[in-house]
Structure formats: structure tokens, C-alpha cells
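Trainee: I'd like to learn how to read a protein model. Could you walk me through one?

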Amino acid sequence: MTQTKPPSSETNAEGAYLCLQGVSKVYATHDGPVRALEQVSVGARRGEFLSVLGPSGCGKSTLLMIAAGLLRPSNGAVSIDGAVVTRPRTDIGIVFQSPVLLEWRTALGNVMLQAEAKKLERTAAKRRARDLLGAVGLSGFEDKYPHELSGGMRQRVSLCRALIHDPNQLLMDEPFGALDALTRDQLVLDLQQIWNQRRMTVLFVTHSVPEAVFLSDRIMVMTPRPGRLDRMIDIELPRPRTLAMRETPEFAAYIREILDLFLARGVLREH
Amino acid sequence: MAEAERSLPRSPAVGVAEPEASTERSRARREWRVRIRNVLYPVGVVLGVLVIWEAGTRMLAVPAFLLPPPSAIAVSFIANAPLLLFHGWITTAEILLGFALSIVVGIPLALAIFLSPTFSRSVLPLLVSSQAMPKVAVAPLFLVWFGFGLLPKVLIAFLIAFFPVVISTAVGLASIEPEKIYLARSMGFGATATFFKFRLPNALPAIFGGLKISITLAVVGAVVGEFVGGDVGLGYLLMVANGSMDTRLLFAGIVALTVLGVVLFLLVELAERLAIPRHIIAGDRGVHETA
């Protein structure tokens, strides 16, 4: 089993696409400063599915916001292909825990929002939006408004919106956290399928251990607050992964490793 | 399990279609009953009140100058229809101008309050005191300043009506999920596009909420202006009717004002429906957890 490596060994991985170096984040609150992230260094390779796994409050959402250029790190730097990020990145697709759809726009209209922002050619973008919606099983729902869609459908629209401009990187912040177990399984399978076809770099924030193991090439396990990189785990399961694979000893071993880590850190407690 | 299956009636004729149809029928019946009730009950209450009023004034022989029966008010209303229409038209003009001024001044003001915390802190005390101040008290001052024409009534209507527009617009603009703004920025929308594509549509339900309060207040403002110093308008007509003890006409004027207020309110509601075709506030708002 992998030993806990010092964070520095993860910096500047060869061919790193997204690179976080010594990133810390301190929030000012009424009760004084709160350290959300401490000295996190990680490099995501191009086309890699990298998950960030940790307990609530470990700063993993903050990490994603910093990677998106939406939050400034208090210390350290984010770079893409060596270029330091100083402003919100627009070359990415981002999916939040809630779908964040505009209630006054249809499913198609919400996906097209991204196309409008990028000034993509309208008819081509529309065709692509329809294709994407179709690919996640939303054919026939293009003209429905968010309130007419189920939670899972809304999150699918949100995923399509993040993909229509064919981004290099997809940033996902607990995208399936608010969904029921079955819908969640389906969306995880859908996401794997989409990733298999496009192979964009994915940064996937989650607190679900099986979800992270199922989807990832590597999992970055975080410590409780202040969030630090605890252990990097390579998931060497064959792809595409199937639901049946979840029952295999290899899969279980990965889960075990992570749970043991959480038990050791006091995130989980067996009475 | 097997026992339970055996005990169930296994008739092929009774499928799921039969209960489905009967459920649908009873649902339709229930809906129909609710619809009838929604119309019948309020109309019934109003009619009941009118009947009691009519019977009461007649049986107790209440003098007409104290409380005329509804039938007498109706007669007066019809007889004075041209008069009510003429004065009503003036009042409507004052209300609409005051309301329009509330929008024209209120929305940019709200925008400035939203954009600049310094401006907000500087003008909010003044705004709040302008609301706390009784408008009836300044009405005579407005007459001195602006004469007896349309202008002082419009200004009083505006003074009463603009506050809810300002507050609801400012609140509407400020209340947006932070994720929507993050989304706009990560998509690459500039400040102007973010405002028009995200913030303003998001604020529309709140803005219309303010406009609906504002239009009813504008009616009050116009009438107050006419009370204090007018020679036309429904408010003036009420004063005249009161002065000549024509209580029937007084009531007819009140009825006219009520109808006017309700119609204007409904017009704003219609505008709201047109501006927000899907007038649905998302149910998933405010359930974000940050990890």
C-alpha cells in the first residue's frame, strides 16, 4: 500500500496540465481567520480523472474554486500548462452541487447560455446542445423549464452546459451529492461514458468513497480541516468500469484503504 | 408471500385500467368542486354582506345620509356615471404618472444602492425618513410649491409609491445565489452581460412584488393630494359629496376608487405575467452546502 508521501513529491508531476503549488486559503470570519486549505500541491495530468475526496469542511470545494480561478489562494499558485492563473478560467466546464440553472430559461436555453458566452455560432451550437442533451437521455425535454425537470435531469442539463464548448477541463463540485442513489449511479455511468469519449481532464470533488474509486484515475484524499493532501491513491481498475466491478476484491481493497485512512485520521469512528 | 398471492382475486377482467379511470374521474370531480368553491364562496360572502346591509338599513330605517343602502349607492353610481368617469380619468392620470415616476426614479436609485455600498449608506437614512414622514403633512407644502394642478398630486403619489420599488429592486438585485455569479464569471460573461442575463431576470419577481405594492399606494397618494387641494379628481368629488351630505355619491366615489385600484393592480399583475412567462421561483434555491 502507498505510504503517505510528503506533498512536495506531488508537485510538478511530469506533463502536469493543472498544477497547484503550495496552495493555502484562509477565510476571514467573525470568529477570526479560518484555515480552509494548507499547502496543497498537486498536479493533474492532461486527460486524467482526478478526484478530491475528503470529509465535509476539508476545503475541497475551496480547492476547486481556486483551480477554476474563481477564488484567489492566500498563498501558492495555480498554473495551467505552466501559465499562472490570475483570473477566472473560461476554458473550463464547471458543475456545482446544485444545478444552478436559470429558472427563466428552458433546458436548451440553459445549455445555450455557455454558447452565448463563448459567442459560438448559433445553429451549430444548438445542434450540439441537442446532441448533448440527447446523449444524457433528455431528448424531448429540451423545451422544458427547470421546475418541470427532476433533480437528476437538472443536473444533467448542468453537465451539458459544462460540455457544449468542448472544454479542456471539467471541474465538478460534488455534482451528484443531492441526488438519490439510483439516479446517482446512472449519472456516474453517464459521466464515465462522456469522459471515455472525450478524455478531458476532470477534477472531481466528492465525499463519496465508492464514487471516487469508480470514476478516478487517481484520488487525492484530504485531511479534515485545515485541508491538506493526505494520500494520493492510484486506481488501477480496468476501464470502462462496470457496476459489477464494485463487488470485486480489488474495488473493495481501494475502499478499505481509504476508509482505514479516514479511521486513522478520526474522520470515521468505529465504536 | 405465496399465501398472500393466493388470497388475491385473480380475475383477468379487473386490470389496472378500471381503478385508474375511477381515480381520474374522482380527481376531476374534486378539482371541479374546488373551482366552484373558489368562486362561489367569495361571491356568496359579498352578496350576503350586501343583503344584510340592504335589509338592515331598511328595517332599522337608517337615514340615507348616515348609511345609504347598497341599492341607493348603485342608483347614484349609475346616475353619476359621467361625473365619476370624468373625475376618475383625472385621478387615473395622476396615479399612472406618479407610478411611472416611481419606476423611473426608483429603479435607477435601487441600482445605485446595489452597486455602491457608500451611496447606499449615504442615502438610505434619507429614504427611510421620507417614508416615515406622513405624506398628508407635506401635501399642503406641495400645494404652495407646485400650485393646484396635476403636478402636486403626481408628486405625492410618487413620494408614497416609490419606496417599495426601491427596496424590492435593491433586495431583488442583491439576492442571487453566489453560484450563479461564479457560473457567469467562469463562462466569461462581463459585468454588463452578467447583470442583464443573470441578475436582472433573477430580480424580476421581487421587482414586480414592489410594483404591486407601489400601484396601490399611488392610488392613496393621488387621493390624498386631491383631498388637500384639488378641484378635480375622485378625491375632490368625495370631499364635495361629503360637504353636501350626499352620502350616496360619497359611497359611489369610494366604489369607483376601489374598482380603479383593483383594475390597476391587475394590470401590473398582467405585466408581471408577460415579463416572467414562467413565474416560478425555483424550489431548489438556498439548499447549498459548501464542503
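**Reading two chains**

Mentor: Sure. Chain A holds seven helices and 10 strands. Keep in mind that this is a predicted model.

Trainee: How many helices and strands are there in chain B?

Mentor: Chain B has 11 helices and zero strands. Read from the N terminus, its elements go α-α-α-α-α-α-α-α-α-α-α.

Trainee: What does the radius of gyration say about chain A?

Mentor: The idea is to set the value beside what a compact globule would give. For 271 residues that would be near 18 Å, and chain A has 19 Å, which agrees. The C-alpha trace of chain A spans about 50 × 45 × 40 Å along its principal axes.

Trainee: What share of the residues is buried in chain A, and what share in chain B?

Mentor: A residue counts as buried when its relative accessible area is under 20%. In chain A, 56% of the 271 residues pass that test. In chain B, buried residues are 37% of the 291.

Trainee: And what is on the surface?

Mentor: Look at the area and at which atoms supply it. Chain A has an accessible surface of about 11,600 Å², with 51% belonging to carbon and sulfur atoms. Chain B exposes about 16,600 Å², and carbon and sulfur atoms supply 73% of that.

Trainee: How should I read the charges?

Mentor: Count both signs, then see where their centres fall. Chain A carries 34 positive and 30 negative side chains, and the centres of the two sets are 5 Å apart.

Trainee: Which residues touch the most other members of the largest nonpolar core?

Mentor: First the general idea: in soluble globular proteins, nonpolar side chains tend to be buried together. Here the largest nonpolar core has 52 residues, and those touching the most other members are A:Leu170, A:Met172, A:Leu191, A:Val213, A:Ile219 and A:Ile258. Leaving out residues up to four places away in sequence, A:Ile219 touches nine-strong company that you can pick out in the view, including A:Leu53, A:Val213, A:Met232 and A:Ile258. Another core, of 43 residues, lies apart from it, and A:Leu18, A:Val52, A:Ile80 and B:Phe198 are among its members.

Trainee: Is B:Gly253 buried or exposed?

Mentor: B:Gly253 has a relative accessible area of 0%, so it is buried. B:Gly253 sits in helix H11 of chain B, residues 247-275. Not counting residues up to four places away in sequence, B:Gly253 touches B:Leu84 and B:Leu238.

Trainee: How far apart are B:Gly253 and B:Gly235?

Mentor: They are 18 residues apart in sequence, and 8.1 Å apart in space, C-alpha to C-alpha.

Conventions:
Residues numbered from 1 in each chain as written. Chains lettered and ligands numbered in written order. Predicted model: local features only at pLDDT ≥ 70, side-chain atom pairs only at ≥ 80, totals over all residues. Heavy atoms only, no water. Helix = DSSP H or I, 4+ residues; strand = E, 2+ residues; numbered from the N terminus. Rg over C-alpha atoms; globule rule 2.2 N^0.38 Å. Buried < 20%, exposed > 50% of the residue type's maximum accessible area, 1.4 Å probe, protein only. Areas by Shrake-Rupley, 256 points an atom, 1.4 Å probe, with all protein chains shown as cover. Lys, Arg positive; Asp, Glu negative; His and termini not counted. Charge placed at Lys NZ, Arg CZ, Asp CG, Glu CD. Core = buried A, V, L, I, M, F, W, Y, C linked by side-chain atoms within 4.5 Å. Contact = heavy atoms within 4.5 Å.
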